[in-house]
Every structure is written in structure tokens, then in C-alpha cells.
Amino acid sequence: MATTKVVVDPITRIEGHLRIEALAENGRIANAWATSTQFRGIEIVMQGRDPRDAWAFTQRICGVCTVVHAVASCRAVEDALDIRIPANANIIRNLMVGMQFVQDHVMHFYHLHALDWVDVVSSLSADPTRSAQIAASISPWPNNSATHFREVQNRVKTFVQSGQLGIFTNGYWGHPAYKLPPEVNLIAVAHYLEALDWQRDVIRLHTVFGGKNPHPNFLVGGMASAINLDETATINAERLTDIHDMIRRAQRFVEQVYWPDLVAIAGYYKDWAAIGAGTGNYLACGEFPSADIRDIESLYFPRGIILNRELGRVHSYDQRAVAEFIHSSWYEYSQGDAAGLHPYDGETKPSYTGPPTPWTYLQDEKQKYTWMKAPRYEGKPMEVGPLARMLVAYASGHEEARALIGEALGRLGVGAPALFSTLGRTAARGIETVLIARQLPRWYDDLVARIKGGDVRTFDGAKWEPSSWPAEARGYGYLDAPRGALGHWVRIADGAIRNYQCVVPSTWNCSPRDAQGQMGPYEAALTSNHPLVDPERPIEILRTIHSFDPCMACGVHVLDATGKVITEVKVQ
Amino acid sequence: MLMPTSVPWADEESLGSFLERRRVSRREFLGFCAEITAILGLASTMAPQVAEALQAIKRPSVIWLQLQECTGCVESVVRTAEPTIGDLVLDVVSLDYQHTLMAAAGHQAEKALQDSMAANRGKYLLVVTGSVPLKANGVYTTIGGRTAKVILEEAAAGAAAVIAVGACAHWGSVQAARPNPTGAVGVSDIVKDKPVVNIAGCPPIGDVVTATIVHYLTFGRVPELDHDGRPMFAYGARIHDQCPRRANFDAGQFVEEFDDAAARKGWCLYHVGCKGPATFSPCPIFMWNTRTSWPIGAGHPCIGCTERNFWDSMSPFYTRMPNVAGVGVERTADLIGAALAVGATAGVVAHAAATGVHQIRARRAARELPVVSNAPPPPPPPPPSNPEGR
């Protein structure tokens, strides 16, 4: 039995820097290790700063999911200082986070993930008329004409013939793992290009309320964008109409392009519904409050935990049960490597013990191997993200989620266990995008109704001045982000940040082995009935890793520059 | 932009014939040239010259390195405003290496980088996002097992020009804020033997990135830069001098608390911390996301993200800058730059001097003086006869 060492570094079409090492045996992956190769130390930077500035610093953790850290940070500080934001501000934040989901998931599908399933070169041999017929059978999207597909095909033809492939250079074109007929490849390529124009338009919702994207502005206590129907420099009817139309175009593209494409493509890759299952434990912290963020019952996507793939029972989530470990991570703890620290008491002292660069094969060292810590919930590794959210929603009896999941399973002719897979992860992302796209107009209507009723408040300044704050405070801000459950934990003392810690979706999913030898979700998925036909062209690894939508800059963080551990943990 | 257009621009083909083949009308093309000419701050009479230069150029390779960063700058460029023609012209480039978009991974990706560097040595444009961590022998950012520093040095050696996009590549940004745990520095701290253009901002407006590349392709050199390597066409004006709310500042009409009556009238944000008086940026002119809005336009104070060290020198963000006299005292407002950043750490003092009055005066003087070319001309396009147009 031949064993081949495989290194994929860089993993491209993700956010940030990720390295996968694996052992391949007889066309399967026998073992795998995920390494985050970047560390920035942002939480160290935040020590001693004004808590009202924290959103801007943490926002820069990631420019892809560019609003989620900012909102989670505002929520953490608002939790610590007992600030209740006005209803309008909550709706505006829901609109911004919701549009982030929709834009981000569509871009992930077409621009980051699709090339794992779609062979661009194959689209050259498609019959555009047939492509148009196929497209018409699954969607009323008006651009799906033979003329349009022929034009796209001609562009691709000239492109390939030029010999200068740009970003398509050295792709795995012609790999036997590509299964789509040429006509479907052509449809996907055409929509890849359309989605580029679409995303630029719909994300402007962030610009209206936050002034720019990426990195729109937020505000502890609410939102800075004042509402006044009778001024030009405020949120008025002109701005609201723009928002309304963006929402309409966002929803239309999701329902008429993304969702039909996803279901059609998935139909050719049903074998991937049995590949890449992973840990089997799923955590969702819940998102989209319709009332105060502290009211868990008001969340549109419910909170909960599923263990061992048992959809019959949803366990409750309690942030007190989160702890981070460094058994395989390049850090030191004052209590030693075996300790697990709750984020309120988090320590991070980087301590690189790997080999000198350049590396060839890290696993030859049998040592710590990543900048990612290992968060565990009650000692267990947890997968977070769209699949976790949809499973928790499904198991909790969320009617809209159940209906759409049922529709998808029915059209693919598979049962619910198919969700526990690489394909299930990708499908769940599409399902929740449809659900959120349908929520956007409801939130918009809520906002308009409130303004019509005379409520234009967007900010509560009662606790703005530090003189109104307690001498010491701490808070937890959660946000179930596009890539999964995100938590910010802040301690404030004497008006300044004393400790700040984030446990981020990609920290959960890309976590390394712990002292018990439990793999993180990436590693577990890559070793769950996982093929690797040609170790030289590891397209299968990309499929499963991309199904998680990695965001590496988010995952790696660090806290507590002073090394102080605050020991009296008063449990909330 | 810098997106793959699927209409390839064949080797040795001029942009003119390429556009013709793509059925882009002459009129559309000239319209684009007029717009890009305006963004570059050139006289409108220069538009035909821009068109002439653009039509003649051949397609150069661009290598884009993403080092220690958050990908926000890539996202900003993906949002660039210009329509199809903009995609085209910036796709003018053959984007040979770009992590976020490229199909290949692992050693196939690294081969694409090595092949492009070898085939286009001395001719390619190097775009860099992200900083370079120097502590711990650089292990805080590695790609393919190599450190960011090694990768940057190798790629810069063969580049015709280097464009550092965003605050991280400019000076290190958030990870370089006090106490800079990883020893992050900007591109110009590593690359010393050739000019580095700094497209400042966290992130910068994508259109500034694309316009800078167009400038390079059109005029055969990088644009005129300020003392900090920032293109004058984008960073030559202070936000405070271009702000639509300046009249409120001059009239003493200030927002005192968010969402107060003044905020609902769209008045000046200086009292709630606006750093516009100390910030050079094109935000109020170019605006963001197809000219939808900009930070002050959406009611939030400027945080000064185009200025070096802004995380330390401009924070706390909601604290009023010192010593800007109110009502209409233009001279005092100008002096704010010198007083700015005050109260911040000692290391910022030099910066304060650099970004202050000196900057403003230098810029005013520059407009009346002949412009000195700041870069050796790169190979491909022959520069037009009067490259400055001023």
C-alpha cells in the first residue's frame, strides 16, 4: 500500500492563508492536518483602548465578512454596559448583516467554490441553444438566452485560444472528477460573470447606512445614519427607495440564478452527499433578533447544538461551556499546554516552535502545527456555519427552513443523512441564502412602518459617556455569521478595554487536534470517506475545504497582551 | 476589477483592435477615457491623449501578492465602479497570480507565480496587499512554507513598478498599531530600490487602485506622489476642504451627540470626533461603491484611515481633535494637521509634523510648480508628448 505525502499550500479561493497536509493511500485520504499560516495579534492591540472604538479594530479582522465582527463587537460592549439599542438600529443592523450573508454566499458559490465543480474549458464544447433550454427549464431568469450563452462561450473560446489564461492558469481542467455536461458548465460560467456585476450593486446597502463597503461604519448604542425624511443628507425616501430596489434585485438573483444553479449542479454530484461528513457535532448561536439581542426567543435562526448527527434532539447552547486549547497551537498558557481557558480568561502568547522556514512537510516534526487555537464546547469539537444553522433550524421545527430543506432533498432524491457531507454544507449555504433573501423585504417593511409611525430614533446615548459606566464590566457579543457562530468577549475596566477575545467560525472549523486527539472539523471532514484520486491534482481536497468557506484571518487571534489572567470568573 | 474578463486580450494586440473585436464602440471608449481622465485630476482636454495612449498599449502581466491582511482591499477592488469598459481596461492586465480568484492551488498556484515572474521579468506590475511581519524570523505569515518577506523580495526584484494597496501594505495598519505584536511593516520598508506607490486607506476606494494602474499604462510611469508615496490625484486634497458639511463647520453648526437634532439635519461631525481636518483622501469627491455615499455622508465621523499610524494617532475615534477653532477660521483649521495626533504616543510626533501644515503648504505650492517626474519609465507604452497636462 503506497502512502503519498500531499501538501496544498496555498489553498486559494479562500480568505487568508491555509495549508493542508495529508497522507493519501490508494485513492483515499488516510490522514489530514490543517495549518493556519498567519497570525496578526489584533486583540493584543486592543488592550487599553476605548471600548467604543473596538468595533473598528475587530472589523479589520476580516474584509470579506466585513460587518460581522463590527456588529458582534458593538453587541459585546452593549452587553457589558447594559445598552439597549433602538428598534430601528436593530432593523438596520439586520438588513446589513442579512445583505452581507446574501452577497457573501453568492460570491462564495460562483467565485470561490464553483471552479471545484465547473470545468471552464468544457463549456467551449457546449451547444448554447441547449444551455438555454436547460436554463429555461429551471428558472425564469431573463438573461438565460441562447444568444447570451453563445456570446459568453465566444469570449471563453478566444480567451483559451490566446494561451494567456490569467487566473485560470494551471486549473485542474479536464480532471475526471468534473461531471457536468458542457451545457451546464456554460450556464455556470455565464452566471459567474453576471454575479460579479450583481454583487457590486446589492452591497451598496452597506454604503447607504455605513458610508462604504468594505468596512462600513457602526456605532455602539445604535447606528450613526440618522433618519429624516425632510433632509438631503439623511436617510430619506430617496435612500429608502434605493434600498428597496437593491433588496428586490438581491432576492431575484438568489431565487432565479443561485438557487436553481445550485440544485442543478448538485444533481450531478450526489456522490458527494456521502463524502466529508466531519465531526458530526454542530453549533449555532442564533441570529437576526427581531427584538432586543438578549431575547433569544426572538432570533430568526434559532440557537442550539446537535450532537452525533442526532436530529431528534437540540441541546441548548451556553457560552460558559466554551474553552480554547493550545495542545497543537503555537502558543503558551501560564497554566501549561493542557489547560482550557474560557474566553473571558483567555491568554494568548504566541510561541512558535515549528521548523525554520521554508517548510517542506510540517508533520515530519510531530509537533504543534498551526496558529489556530482549538475551541471546544464541553470538550467537543463543533462544526459551525450554514449546515449547523440549518440542522438546528430543521431539528427545532423552523417551518420555513424545513420546507426549503425538504424541497431540496426531494429534488435531489436523497434523505436527510445526505446533509452530513461536503455537498450538504454547500446546499445548506444556498438554503439559508434563500431564507435570508426572503427576510430582507420584511425587515425593510418593518423599518418603513416604524418611520411612518413617527419613530426615527437610531441611537441611544444614555450610556455613551464613560462617566456613566461601572468601574468594571464584561460582556458577550454573539453573531451567527455567514461562516458560523462568532463570539466576542470583552472586559472593561476604568473606561478602557482590559481584555478582548474572539472565538470565530474558522477557529472552530479549522481547529487542530486537541490533547485527546480529536480532530477539528476540516481535518475530520477530509478523513471521512474521502477520495483523492490524483495527489498531484488535489481537487477533492479543495471541494471539501471550500465547502466550509474558510476565513483564515478571522480564525487567528490573540488576547491579553499583559498576560494577566483574571481569575474570578463570575458566571453569567 | 482586475477580474477576468472572458474576452481575452491576445498577445501583441493593441487595445484599440481588442475593443473593436469586443464590439465596444468608439463612443463608449471615449466616454470611459473622459471619466478616467477626471478621476486622475487631469484637464479634460487630456482625454484624447489618454485615449490614444490606452489604445496603443499592450497587455502587461500583473502579479498580486496577498500577505498579512484581511482581504478587504481585494474586495474593494472587486467593487470598483466603472462599467464593462472599466473591467476591460483594467483587465488590460493579465492577472497571473491572485489568491482570492485563481483556479489553481498549492504548487500549481506557485508555479503560475514563478512562470509569470520568469516570463515577464522587469516588465510586470506588482500589486501588494497586506503587511510584512518581521518578528520571529517572519513566521507570522507564510505561504507555501516561505515567509512574506522572502516572497515580497523575490517578486519585487523583477517588477517594473510596485503598487502597495491599502493601509497594511502602506505602513502595517491595524496589526502594526501599538504594540505591533508581529513587527508588521509596509512594503516600502522592504522594497528600497524602486518606487512604491501607496494607495492609502483601510481599505482604499477600489477606483483609486484601478485609476493608478490606468495611469501607469497610459503615461508609462506611476503618478505624481506625495511625501508618503500616495498619488496626488487621489490624496492631494484634505477631506475638511472638500466636505459638503464644511459650511456647517464654518457656521458653527455641530452634531453634539449622535442622532440629535443636528445629526438629523446633516450638520458637521467635528465635535463627535471627525478626523476630516487631518485626513487627505478622495472620499468626498470619488465617494464609495459607484458613488453611493461616503462615511461622513452616512453620518459617521471620518476615522482618518488614509493617514499613516491612524489607529494610534486618530484614536479615540469619537474624541474631538484638539485646537481646531470653530467658526470659520480657515487658518486655524489648516493648522489642525500640525496639532493633530497629539496626545498620541511619542512615536507619532514625527508623523504629525509630516501630515500637518507642511503637507498642506507643500500641496498648495506643488500646484504652481512644474511637476518633477518621480519614476523611471517602465517598458511598454510610449508616453504621450505632454504627460503631465498641467
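The bend at a residue is the angle between two fitted axes, one for the seven residues ending there and one for the seven starting there. Helices (H or I, at least four residues) and strands (E, at least two) are DSSP runs, numbered from the N terminus.

This is a predicted model, where local features need pLDDT of at least 70, side-chain atom pairs count only at pLDDT 80 or more, and totals for chains, interfaces and linings use all residues. Residues count from 1 along each chain as its sequence is written, while chains are lettered from A and ligands numbered from 1 in the order in which they are written.

**Exercise 1.** Find where α4(A) bends, and check its length and burial.

*Solution.* Start with the length: α4(A) covers residues 87-113, 27 residues in total. The expected span (1.5 Å times one less than the number of residues) is 39 Å, and the end C-alpha atoms of α4(A) give 37 Å, which is close. Next, the bend: look at Met107(A), where the helix turns by about 30°. Last, burial (20 or more other C-beta atoms within 10 Å of a residue's own, with C-beta atoms placed from the backbone): 25 of the 27 residues in α4(A) qualify.

**Exercise 2.** Run the length and burial checks on α10(B), then see what follows the helix.

*Solution.* Helix α10(B) runs over residues 206-219, so its 14 residues should span 20 Å, and the end C-alpha atoms are indeed 20 Å apart. For burial, 14 of its 14 residues are buried. After the helix comes Gly220(B), with a positive phi near 75°.

**Exercise 3.** Describe how the two domains of chain B meet.

*Solution.* First, the bounds (from an automatic or database domain assignment): domain 1 is 15-235 and domain 2 is 237-344. Now count contacts (C-beta atoms, placed from the backbone, within 7 Å): 18 residues of domain 1 touch 14 of domain 2. On the domain 1 side, α8, α10 and α11 of chain B each give two or more residues, and α8(B) has the largest share, with three.

**Exercise 4.** Work out what chain B brings to its contact with chain A.

*Solution.* Begin with the totals: 74 residues come from chain B and 84 from chain A. On the chain B side, α6(B) supplies the largest share, five residues. Then sort that side by class (Ala, Val, Leu, Ile, Met, Phe, Trp, Tyr, Cys and Pro are nonpolar, Asp, Glu, Lys and Arg charged, and the others, Gly among them, polar): you get 35 nonpolar, 28 polar and 11 charged.

Methods. A residue is buried if 20 or more other C-beta atoms lie within 10 Å of its own, exposed if 12 or fewer, and partly exposed in between; C-beta atoms are placed from the backbone.
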